[in-house]
Amino acid sequence: MQRDLKKKRAFIAGVGDDQGFGFAIAKALYEEGADVYLGVWTPIYKIFMNSWNAGKFDQARTCKNGELFSFIKAYPMDALYDTMETVPQSVRENKRYAHENHYAIKELSEEVTRDAGTIDILIHSLANAPEVKKPLLDTSREGYLSALSSSSYSLISLVQHFAPKMPKNSAILSLSYIASKRAIPKYGGGMSSAKAALESDVRTLAYEIGKKWGQRINCISAGPLRSRAAKAIGMIDDMILYARNNAPLEKDLDAKEVAEAAVFLVSPLSSAITGVTLFVDNGLHAMGIAEDSASLQKTPSAIGS
């Protein structure tokens with residue numbers, strides 16, 4: 001059976017370097033024959049393009065057949081804003097934004113559609129919480145709402161503006177984390193709430209866009225990855241070590257493994273799958289106790305004392 005993505009056009013929102021899931025998914029889609037378009041956070045757009053053109057990503061870009069992964073076009077984007085009219089003047093005048101005019105989601109979708117025609121695959125691979133290092137108890141209202149706006153409502157906005165222009169049987173995919181369902185200490189600032197909202201929205205959107213346009217939407221709950229974005233959490237190395245020691249599959253997660261699952265979920269091979277959150281985390285989600293817990297190392301006499 002073929003995944004058959006030749007001549008499909010894919011827009012991946014949330015690529016900023018060569019280390020994250022977004023880059024890995026974009027590359028995997030390219031390897032399957034799709035035309036790839038990228039959305040890059042506006043403040044780092046020039047840095048990304050300069051690094052790409054300077055060959056800094058060439059090693060990561062190397063495909064199975066030896067050629068370099070390439071995209072048709074990359075666009076500056078900021079998923080905090082639905083339309084350019086809602087962008088505050090202070091942001092417009094910021095030196096990292098001042099030279100761009102079409103980075104809100106509405107204008108972005110119009111530009112992508114003009115360039116690509118219809119989009120068949122939409123990937124939502126972005127999240128942000130300015131107070132992610134704060135416990136939920138210490139998170140401000142502004143920080144909490146910012147996390148939900150950037151990390152979950154951004155999916156709704158992308159679907160609102162892209163899906164009406166996408167054909168029947170097209171596919172949408174988002175990325176989540178197990179903090180949506182389990183308490184993860186130090187994963188704060190409202191990010192756990194945002195991931196829970198994201199997965200709930202995927203289920204509801206599956207119903208709405210399925211009935212309205214015959215489209216599918218799913219989500220991948222990925223294990224921890226040492227990407228530049230994940231380093232903002234402040235404990236990513238500890239999260240990776242914990243996963244390696246306690247998951248059924250004792251190995252670090254590779255972004256390629258998430259990318260392969262993503263290709264499956266947006267391909268015709270999953271034509272009857274929608275509204276699903278698929279765990280790609282070496283099985284860590286299935287565990288109910290930490291195998292390396294100090295509690296398990298106690299002697300029977302110590303437990304009874």
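This text walks through the nonpolar cores, two pairs of packed helices and a few single residues of a predicted model.

A good place to begin is the interior. In soluble globular proteins, nonpolar side chains tend to be buried together. In this model the largest nonpolar core has 43 residues, and those with the most contacts inside it are I12, L29, V36, L38, F48 and I220. Several elements give two or more residues to this core, namely the strands β1 (9-13), β2 (35-41), β4 (121-124), β5 (171-176) and β6 (216-222), together with the helices α1 (21-31), α2 (45-53) and α9 (255-266). To see how one member of the core is surrounded, take I12, which, once its neighbours within four places in sequence are left aside, is in contact with G22, A26, L29, V36, Y37, L38, G39 and I123. Besides this core there is a second, separate one of 28 residues, which includes Y75, V202, L205 and I209.

Residues V202, L205 and I209 come up again in the packing of two helices. Two packed helices are described by the angle between their axes and the distance between the axes. For helix α6 (residues 141-162) and helix α7 (residues 191-213), the axes come within 9 Å and cross at roughly 20°. Because angles under 35 degrees count as roughly parallel, α6 is described as roughly parallel to α7. The crossing of these two helices is right-handed. On the side of α6, the contact is made by Y144, A147, L148, S151, S152, L155, I156 and V159, while α7 contributes M191, S193, A194, A197, L198, D201, V202, L205 and I209. Sorted by class, the residues in this contact are 13 nonpolar, three polar and one charged.

Helix α6 also packs against helix α5 (residues 105-116), and here the axes come within 9 Å and cross at roughly 40°. The helices α5 and α6 are therefore oblique to each other, and their crossing is right-handed. In this contact, I105, K106, S109 and V112 of α5 meet S154, S157, L158, H161 and F162 of α6. By class, the contact of α5 with α6 has four nonpolar, four polar and one charged residues.

Beyond α6, the chain enters the loop between α6 and β5, where A163 lies. With a relative accessible area of 0%, A163 is buried, and, leaving aside its neighbours within four places in sequence, A163 is in contact with L158, I172, W213 and Q215. From A163 to Y75, the distance is 18 Å from C-alpha to C-alpha, and the two residues are 88 residues apart in sequence.

The loop between α6 and β5 also holds N169, which has a positive phi of about 75° although it is not a glycine. At 60% relative accessibility, N169 counts as exposed. A positive phi of about 75° is likewise found at K186, which is not a glycine. The place of K186 is in the loop between β5 and α7, and, at 64% relative accessibility, K186 counts as exposed.

The last residue to look at is R203, which is found in helix α7. R203 counts as partly exposed, its relative accessibility being 46%. The C-alpha atoms of R203 and C219 are separated by 9.2 Å, and these residues are 16 residues apart along the chain.

Key: Residues numbered from 1 in each chain as written. Predicted model: local features only at pLDDT ≥ 70, side-chain atom pairs only at ≥ 80, totals over all residues. Heavy atoms only, no water. Axes fitted to C-alpha atoms, helices over the stretch in contact; angles between N-to-C directions. Helix = DSSP H or I, 4+ residues; strand = E, 2+ residues; numbered from the N terminus. Parallel < 35°, antiparallel > 145°, perpendicular 65-115°, else oblique. Left-handed = near helix turned anticlockwise from the far one by under 90°. Contact = heavy atoms within 4.5 Å. Nonpolar A, V, L, I, M, F, W, Y, C, P; charged D, E, K, R; others polar. Buried < 20%, exposed > 50% of the residue type's maximum accessible area, 1.4 Å probe, protein only. Core = buried A, V, L, I, M, F, W, Y, C linked by side-chain atoms within 4.5 Å.
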